[in-house]
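Trainee: I would like a close look at one part of this model, namely its charged side-chain pairs. Please take them one by one and then place them in the whole chain.

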Amino acid sequence: MPTGQDPAAADRLPLRRRLLPVVALLLLAPWAAECSWGGFAIDDFLLVLIFLGPMYGGAAILIRETARHLGASWPTIVLLAAAFGVFQAGLVDQSLFNADFLDDTQYADTRAAAEATLVPGLEFSLRQAFDYVGNHIVLTICAPIVFVESFLGPKRRLRPWLGRFGLVVVSVLYLLGSLLIFSDINDDKGFLASPLQLSFATLLVLALVTTALLPHWRRPGRTAGGAWRAAEQREPRRIRRVPHPLWVGLLIVLARFGTDLAPGWTGVGIALGIAAVVGGLLSYWSSGVGWGQRHVLVAGSASVVSAAAFAYLVPPYSAASPAAALAGDIAVTVVTLTLVVGAWWRLRASPAVHVAAS
């Protein structure tokens, strides 16, 4: 059993209950990444879960388990999610560097806007990089983790779910899933990024992972060996009022609209500025007393809610019948409301536990 896991707690639960949140995250990550915003019609949902689950779900599980085994907090998860976003878009499907990537989809008309923010030398769109990596951070990794953890009781919420064998299995699943997508897209698109582009993406991934694993993000005075206890033993928290969770959600929704205020380099600058302000505010609020899992749930689910609301206005990647597209959008609404309401009800039924995000 790996360092950081409580053997007694693990032995109390049957295997089915220990694996249930793992399976839930494995399925929820690809759904949130590709379906929650209307990217696929309803008849493609199952294929998304089957083919993209190992890659997206595997990454979400590995990132979550890494942070929880180390006793690290949300900055580690966000940084690892950013590393995954760069790895996925830069090295696996290489959509970040392939200007033709969306040409055979119903989003071909976004190419001109993307080319307005090309980075000289590396030839990738900074606008697309912000969108691709940002969506992977929020939708693929953070929101699914928040949802699944919110459904668990406070004693299991921040503890690791898997031991060494489980982590090896998920790692192999993730690698195989990524190789499948790389091979499929390479055969379909016939594109391979240049050595300079691949080197840039690799170095950026390594820098993000290294930063994410710094001891600075872990609980003060804790080691990885005490991670499972650190989740429930709060460090002294600053005495300051924190906003109601719904105000946190409103901030996230407004920020989501704000990132699309303007095109070109001006729009990218605004989007980066908004992201920095929102990140700073969340870090500031989360260090105060009163910040709990309800705040985390609202912060993590607000982007999924706004994405689901706009699913009715965007087309799926591939042309689909109006009935299938509408059925998919309705299904997205139902699943999103079920997740949000169910997680909120579960938290109201559980004892209040304050959590630190930074």
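Which side chain meets that of Glu115 in a salt bridge?

Mentor: The model is a predicted one, and what follows should be read with that in mind. The partner of Glu115 is Arg111, and the N to O distance of this salt bridge is 3.0 Å. Both residues belong to helix 5, which covers residues 111-115. Because they are 4 residues apart in that helix, about one helical turn separates them. Neither end of the pair counts as buried: Glu115 is partly exposed at 38% relative accessibility, and Arg111 is partly exposed at 28%.

Helix 6, residues 126-151, holds another pair with a spacing of 4 residues, Arg127 and Asp131, again about one turn of the helix. Their side chains form a salt bridge with an N to O distance of 2.9 Å. Here the two ends fall into separate classes of accessibility. Arg127 has a relative accessibility of 12% and therefore counts as buried, the cut-off being under 20%. Asp131, at 28%, counts as partly exposed.

Arg127 also has a salt bridge with Asp260, where the closest N and O atoms are 3.7 Å apart. This contact is not confined to one helix: Arg127 lies in helix 6, whereas Asp260 lies in the loop between helix 11 (245-258) and helix 12 (264-286). The pair therefore ties together parts that are 133 residues apart in sequence. Asp260 is partly exposed, with a relative accessible area of 45%. Arg127 is thus a buried residue with salt bridges to Asp131 and to Asp260.

Elsewhere, salt bridges with shared partners join Arg64, Glu65, Arg68 and Glu149 into one network. The count of salt bridges comes to 10.

As for the whole chain, its secondary structure consists of 14 helices and 0 strands, so the elements from the N terminus on are α throughout. The chain has 358 residues, of which 51% count as buried. Take the contacts between residues at least 6 apart in sequence: 84% of them join residues at least 24 apart. The salt bridge between Arg127 and Asp260, which links parts 133 residues apart, also spans a separation of that kind. The accessible surface of the chain is about 17000 Å², and carbon and sulfur atoms account for 69% of that area.

Definitions and conventions. Residues are numbered from 1 along each chain as its sequence is written. This is a predicted model: local features need pLDDT of at least 70, side-chain atom pairs count only at pLDDT 80 or more; totals for chains, interfaces and linings use all residues. Side-chain values use heavy atoms; hydrogens and water are left out. A salt bridge is a side-chain nitrogen of Lys or Arg within 4 Å of a carboxyl oxygen of Asp or Glu. Helices (H or I, at least four residues) and strands (E, at least two) are DSSP runs, numbered from the N terminus. Buried means under 20% relative accessible area, exposed over 50%, partly exposed in between (1.4 Å probe, protein chains only). Contact means heavy atoms within 4.5 Å. Accessible areas come from the Shrake-Rupley method with a 1.4 Å probe; for residues, only the protein chains shown count as cover.
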